Amino acid sequence: MRIALLSLALLLTGCAGVVGPQESEGNDFENNQKQLVGDMPLPQGVRLVTDQSLILGGGNNWAGRMVLTIPQATNELFAYFRQQYPEAGWTLISSARAKNSILVLNKQDRTATIEITEGSGLVNTKSQITITITPRSTVTESPKQ
């Protein structure tokens with residue numbers, strides 16, 4: 001009996017490790033969102049995938065990559081980012097709406113690339129959002145002679 005219980009406990013513990021990517025608790029991320037990513041609008045209910053994200057700095061000066069999951073359709077998210085980011089002062093440079101949608105935006109000295117993809121189904125999400133923030137290049141080419 002002991003061996004059967006021990007085997008069952010080990011089996012359940014082993015299965016718990018293959019659920020999916022490590023996500024932050026929704027409330028934890030939402031409570032710290034302003035501190036982490038400043039005034040960047042994000043839809044309600046996003047969860048940060050911590051083991052795939054790298055946030056350097058914080059507030060309105062962060063750079064890096066933020067991977068988020070959300071139980072919302074990709075079409076709704078594309079419309080959200082196209083509307084909310086310009087309202088927050090970002091300039092839309094380019095966008096492509098497809099199975100994997102991409103938006104490129106600028107604000108002051110930063111560039112944001114937002115990629116929206118359908119979720120894998122492994123963690124009950126409809127969509128994954130990857131936001132990459134980089135400083136805009138200040139390198140200028142000298143004119144060719």
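These are my notebook entries on a predicted model of one protein chain.

**Entry 1: confidence**

I began with the pLDDT. The chain averages 79, and 68% of the residues score at least 70. I then looked at the start of the chain, where residues 1–21 have a pLDDT below 50. Beyond near neighbours in sequence, this stretch has seven contacts in the model. Where pLDDT is low, predicted coordinates should not be read in detail. I left the stretch there and moved on.

**Entry 2: the whole chain**

I looked up the secondary structure and found three helices and seven strands. Read from the N terminus, the order of the elements is α-α-β-β-β-α-β-β-β-β. The chain has 145 residues, and 33% of them are buried. For the surface I noted about 9,400 Å² exposed, with carbon and sulfur atoms supplying 52% of that area. I also checked contacts with a sequence separation of 6 or more; residues 24 or more positions apart account for 47% of these.

**Entry 3: strand β3 and its partners**

How many of the eight residues of β3 are buried? I found six, so by the cut-off of under 20% relative accessible area the strand, residues 63–70, is mostly covered.

I went through its pairings in turn. β1 pairs with β3 in the antiparallel sense over two bridges. One bridge I looked up there has L48 with L68 of β3 as its partner. Strand β2, residues 54–56, is also antiparallel to β3, with three bridges between them. In that pairing L54 stands opposite R65. The hairpin of β2 and β3 has six residues between the strands, and G57 in this hairpin takes a positive phi near 85°.

β7 is a further partner of β3: seven bridges join the two, and they run antiparallel. I looked up L68 again here and found I129 of β7 as its bridge partner. L68 thus appears in my notes with L48 and with I129.

**Entry 4: strands β5, β6 and β7**

I next followed the C-terminal strands. β5 covers residues 101–107 and β6 covers residues 110–118; they run antiparallel and are joined by seven bridges. S101 stands opposite I116 of β6. β6 is also paired with β7, residues 127–135, in the antiparallel sense over nine bridges. In that pairing I found T113 bridged to T132 of β7. β7 therefore has two partners in these notes, β6 and, from the previous entry, β3, where pairing needs at least two bridges.

**Entry 5: the turn at Q108**

The hairpin of β5 and β6 has two residues between the strands. What is the phi of Q108 near? I read a value near 55°, which is positive in a residue other than glycine. Most residues other than glycine have a negative phi, so I kept a note of this one. Q108 is placed in the loop between β5 and β6. Is Q108 buried or exposed? Its relative accessibility is 69%, so Q108 counts as exposed.

**Entry 6: T111**

I picked T111 in strand β6. Its relative accessible area is 16%, so T111 counts as buried. The T111 side chain makes a polar contact with the side chain of N106, at 2.8 Å. I then listed what T111 touches, leaving aside its neighbours within four places in sequence. The contacts are W90, V104, L105, N106, T132, I133, T134 and R136. N106 is thus on the contact list as well as being the polar partner.

**Entry 7: the salt bridge**

How many salt bridges does the structure hold? I found one. The side chains of K107 and D39 meet in it, at 2.9 Å from N to O. The pair links distant parts of the chain: K107 is in strand β5, while D39 is in the loop between α2 (26–37) and β1 (47–48), and the two are 68 residues apart.

I checked the exposure of each partner. K107 has a relative accessible area of 15%, so K107 is buried. D39 is at 31% relative accessibility and therefore counts as partly exposed. The salt bridge joins a buried lysine to a partly exposed aspartate.

Notes: Residues are numbered from 1 along each chain as its sequence is written. This is a predicted model: local features need pLDDT of at least 70, side-chain atom pairs count only at pLDDT 80 or more; totals for chains, interfaces and linings use all residues. Side-chain values use heavy atoms; hydrogens and water are left out. Helices (H or I, at least four residues) and strands (E, at least two) are DSSP runs, numbered from the N terminus. Buried means under 20% relative accessible area, exposed over 50%, partly exposed in between (1.4 Å probe, protein chains only). Contact means heavy atoms within 4.5 Å. Accessible areas come from the Shrake-Rupley method with a 1.4 Å probe; for residues, only the protein chains shown count as cover. pLDDT is the predictor's confidence in each residue, from 0 to 100. A salt bridge is a side-chain nitrogen of Lys or Arg within 4 Å of a carboxyl oxygen of Asp or Glu. A polar contact is a pair of N or O atoms within 3.5 Å; within protein, one must be able to donate a hydrogen and the other to accept it, and residues adjacent in sequence count only if both atoms are side-chain atoms.
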